[in-house]
Amino acid sequence: MPLPNYIPCIVGGEESNNRKSFIVQYFNQGCSNFDILGFLLLHHNIQISLSTLKRDLVALGLSRRHLATAENPNEIRQLIEEELAGSGVNLGYRKIWKIIQSKGIPAKRQTVMEILREVDPEGVQARKKKRLRRRIYSVPGPDHLWHIDGYDKLKPYGFSIHGCIDGFSRRLIWLEVCPSNKNPRVIAKFFIDAAKQLRGIPLRIRCDDGTENSIIEPIQVALRSADDDEFSGEGSFLIGTSPANQRIECFWSQFNKERPMWWRIFF
């Protein structure tokens, strides 16, 4: 990455002749055709048409009809029950479906939802009652704004967590467990490692006014100081209250309802 100029975060850089391996990967994760096209362009800089994607799917023998017939409800039910018996007791059907997909097991999201309603009806109703009307959040595109913050709910047990999320795509840039999420050198290392891995930095970063951000701020400002857009230099780092740091606070709220809550009860 030719720092300090801003470059959108594009993972990889593979040639289009490798696209079929990515298509297989995203298809097996249950992505739609339009999602696959978007991921190919966003993460691999591969741009193809919908008709080309359909031809590739046929050539690879990938069919969602066949995928549906290949699913095993008993196996899916067993995996769901295993998650509910452990730290996944508070997970919704979308998260459980992604876990099943990550294990390479064919399953439709509708099937997972129906089985979860059968095995955990009380949990499904409880999650429905806690739904909130969210405030409108708008960001122009990927890597325009990263939100960073620490999670302290497990800190009394020796687990400090720090995270960063892209405001547009909700992609986790990093989610790390560390001895302390208040050490500015630790937070700065997370940022530098992410910039190296993604080969880019965001237009802006938003965080609260904590001492743990005292090193990451001058790094971001220095890297963006040579640019000439409206958010360059000091405008590339935003400091505000925690409630105003909406995207990461929303993530922590959902995160707390899932696995950490189980661990807090366990400890």
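Trainee: What does the accessible surface of the protein come to, and how much of it belongs to carbon and sulfur atoms?

Mentor: In this predicted model, the accessible surface comes to about 15,200 Å², and 53% of that belongs to carbon and sulfur atoms. The protein has 12 helices and 5 strands, and of its 267 residues, 40% count as buried.

Trainee: Why is Asn245 called buried?

Mentor: The relative accessible area of Asn245 is 1%, and buried means under 20%, so Asn245 is classed as buried. Asn245 is found in the loop between strand E5 (237–240) and helix H11 (246–257).

Trainee: Which residues is Asn245 in contact with, leaving aside its neighbours within four places in sequence?

Mentor: With those neighbours set aside, Asn245 is in contact with His147, Ile148 and Asp149, and also with Arg206, Cys207 and Asp208.

Trainee: What makes helix H5 oblique to helix H6?

Mentor: The axes of H5 (residues 73–84) and H6 (residues 93–102) come within 11 Å and cross at roughly 120°. Angles of 65 to 115 degrees count as roughly perpendicular and those over 145 as roughly antiparallel; the crossing angle of roughly 120° falls in neither class, and therefore H5 is oblique to H6. The crossing of the two helices is right-handed.

Trainee: Which residues of H5 and H6 make the contact, and how many of them are nonpolar, polar or charged?

Mentor: On H5 the contact is made by Ile76, Leu79, Ile80, Glu83 and Leu84, and on H6 by Ile96, Ile99 and Ile100. By class, this contact has 7 nonpolar, no polar and 1 charged residues, and since Glu counts as charged, the charged residue is Glu83.

Definitions and conventions. Residues are numbered from 1 along each chain as its sequence is written. This is a predicted model: local features need pLDDT of at least 70, side-chain atom pairs count only at pLDDT 80 or more; totals for chains, interfaces and linings use all residues. Side-chain values use heavy atoms; hydrogens and water are left out. Helices (H or I, at least four residues) and strands (E, at least two) are DSSP runs, numbered from the N terminus. Buried means under 20% relative accessible area, exposed over 50%, partly exposed in between (1.4 Å probe, protein chains only). Contact means heavy atoms within 4.5 Å. Axes are lines fitted to C-alpha atoms, for helices over the stretch in contact, and angles run from 0 to 180 degrees between N-to-C directions. Angles under 35 degrees count as roughly parallel, over 145 as roughly antiparallel, 65 to 115 as roughly perpendicular and the rest as oblique. A crossing is left-handed if the near helix is turned anticlockwise from the far one by less than a right angle, and right-handed if clockwise. Accessible areas come from the Shrake-Rupley method with a 1.4 Å probe; for residues, only the protein chains shown count as cover.
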